[in-house]
Amino acid sequence: MIDPTLNRADDTPHPSSARRLLPLAVLAAGFAGFFALGLHRTLTLEGLAAQRAGLAAFVEAQGGLAVLAYVGVYALAVAFSVPGGTVLTLAGGFLFGVLWGAAYAVAGATLGAVAVFLAARSALGGALRRKARPWIGRLEDGFRDHAFNYMLFLRLVPLFPFWLVNLVPAFLGVPVRVYVLATLVGIVPGALVYASVGNGLGAVLDAGETPDLGLIFCPEVILPLLGLAALALLPVAVKAWRRRG
């Protein structure tokens, strides 16, 4: 005789499910710990101004170790989805110069973004896609067909929260290599802008002024970024036009 309980779904948590949730739980704990330890008061422009002499001395004394520390801190900040990415990029420009500062910022931001992406995809991506399939299906299919173009657009336009762009692709089935490449390329322009501001941070602070963090929204900066974003979507528009034709 067949046991009827075999046809009933097991309501007890499966160990593999708990393991899938562990990375996301670690990131959530990091987010909570960031504020619990008061680090949100340190990762600010005022905090950077107060610590700039000590940071510059650390970089001069430690060299490569300072680079690894900077990239690691940036990656953790992005992985924990805490505010402060702009300040960290300014610090990169101040400590390492425009090009190297932007490069290290991009490396740290990409590593952190990939950590969030993998944790979200492992913990929630498949389950949410199955539950939301009736209404998210068309969006998922369209995003998958042009994943790199859409990802590049989202990274280039500085209007979308960075943490949100880290999460959404995990729910839409974007391949890891596409996510990494689009993130790596798409955040370069913004990193260069803020690293250039950070490179002159010492002189600005010595003059008793405050750096303009809204520089990226100036027409001279935002219009080229929007132009690049439009170019990223051009293949999508061309393909849609050909289909209609």
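This passage describes the nonpolar cores and aromatic pairs of a predicted model. Local features require pLDDT of at least 70 and side-chain atom pairs pLDDT 80 or more, whereas totals for chains, interfaces and linings use all residues. Residues are numbered from 1 along each chain as its sequence is written, and side-chain values use heavy atoms, without hydrogens and water.

The largest nonpolar core (buried Ala, Val, Leu, Ile, Met, Phe, Trp, Tyr and Cys residues joined through side-chain atoms within 4.5 Å) comprises 50 residues, and Y70, Y74, F96, M151, V174 and Y179 have the most contacts inside it. Helix 5 (residues 98-145) gives the most to this core, with 10 residues; helices are DSSP runs of H or I, at least four residues, numbered from the N terminus. Beyond its neighbours within four places in sequence, M151 is in contact (heavy atoms within 4.5 Å) with F143, V165, P169, V174, Y179, A182 and T183. A second, separate core of five residues includes L152, V157, A229 and A232.

Eight aromatic pairs are present, defined by ring centres within 6.5 Å for Phe, Tyr and Trp (its six-membered ring), with planes under 30 degrees apart counted as stacked, over 60 as edge-to-face and the rest as tilted. In helix 1 (residues 15-36), F31 and F35 lie four residues apart; their ring centres are 5.1 Å apart and their planes at 65°, so the pair is edge-to-face. In helix 5, W100 and Y104 are likewise separated by four residues, about one turn of the helix. Their centres lie 5.6 Å apart with planes at 25°, so this pair is stacked. Y70, Y74, F96, W100 and Y104 form one aromatic cluster.

Terms used:
Buried means under 20% relative accessible area, exposed over 50%, partly exposed in between (1.4 Å probe, protein chains only). Helices (H or I, at least four residues) and strands (E, at least two) are DSSP runs, numbered from the N terminus.
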